[in-house]
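Work through the exercises below with the sequence and the model at hand. Each task is followed by a stepwise solution.

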Amino acid sequence: MMGVQKKQNSRINGFTLVELIVTLAILTILTVGLAAITPAALNTARLSITLSEDRMIAQTIMEQLAREIACAQDGDVVIGTDGATIEFTSKLYGRISVSTSGGRVHVMGGENEMGLEDKAYMQRTASATFTSLSGGFVNIKVKIARAQEQSYETERLIKLINTK
């Protein structure tokens with residue numbers, strides 16, 4: 001009688017081989033499912049970070065251009081025929097020229113370049129286009145691009161403060 005009782009106690013205290021195999025099979029299926037999802041989640045996170053960086057660079061350029069252009073005299077703003085250059089007189093810096101070349105937006109005030117340093121672009125190219133509109137408005141469009149990926153564009157309408 002004791003032998004039967006001992007056998008029943010050991011059965012209650014442990015798992016059978018079938019239960020362990022079923023558990024391992026379920027865990028394997030869950031692990032494979034998570035492994036399939038992980039690369040997509042990492043790619044989405046990477047794209048989100050780069051878009052955020054693009055937006056930051058574009059807004060930095062846009063703020064600098066908008067601040068300077070807003071203080072220009074309406075009749076003094078000269079936009080190049082290609083739309084990639086603009087010249088005007090600033091109260092703070094005198095004559096300012098903004099151009100796009102070599103994947104950078106260059107803001108020249110007198111003899112000094114006031115644009116972003118190369119490291120601020122984080123291996124991206126930037127361009128700006130300008131359009132003169134009636135009523136003392138200038139439209140600015142800034143585009144940030146990465147090699148073989150989508151680009152980010154932002155656009156702003158600037159009202160010239162010193163209209164004639």
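**Exercise 1. Find the residue that Ala 145 pairs with in E8.**

Solution. The bridge partner of Ala 145 in E8 is Ser 151. This holds for a predicted model. Next, take the strands. E7 covers residues 137–145, and its pairing with E8 is antiparallel, with nine bridges.

**Exercise 2. Give the strand order of the open sheet and name its edge strands.**

Solution. Start with the order: three strands run E6-E7-E8, paired antiparallel. Now the edges. Strand E6 (125–133) and strand E8 (151–159) each pair on one side only, so they are the edge strands. From one strand to the next, the twist averages 15°. Finally, add the helix. H2 packs on the sheet and touches E6, E7 and E8. The direction of H2 makes about 20° with that of E8.

**Exercise 3. Decide whether Thr 154 is buried or exposed.**

Solution. Locate Thr 154 first: strand E8. Its relative accessibility is 18%. The cut-off for buried is under 20%, so Thr 154 counts as buried. Then list contacts, leaving out residues up to four places away in sequence: Thr 154 touches Ala 58, Met 62, Ile 140, Lys 141 and Val 142.

**Exercise 4. Classify Val 22 and place it in a surface patch.**

Solution. Val 22 lies in helix H2, residues 17–70. Its relative accessibility is 44%. Partly exposed is the class between under 20% and over 50%, so Val 22 counts as partly exposed. Now the patch. Val 22 joins Val 18, Leu 24, Ile 26, Leu 27 and Leu 30 in a nonpolar surface patch. Together these residues have about 580 Å² of accessible area.

Conventions: Residues numbered from 1 in each chain as written. Predicted model: local features only at pLDDT ≥ 70, side-chain atom pairs only at ≥ 80, totals over all residues. Heavy atoms only, no water. Patch = residues over 30% accessible without salt bridge, like charges linked within 9 Å, V, L, I, M, F, W, Y side chains within 5 Å. Areas by Shrake-Rupley, 256 points an atom, 1.4 Å probe, with all protein chains shown as cover. Salt bridge = Lys/Arg side-chain N within 4 Å of Asp/Glu carboxyl O. Helix = DSSP H or I, 4+ residues; strand = E, 2+ residues; numbered from the N terminus. Buried < 20%, exposed > 50% of the residue type's maximum accessible area, 1.4 Å probe, protein only. Pairing = 2+ DSSP bridges. Axes fitted to C-alpha atoms, helices over the stretch in contact; angles between N-to-C directions. Contact = heavy atoms within 4.5 Å.
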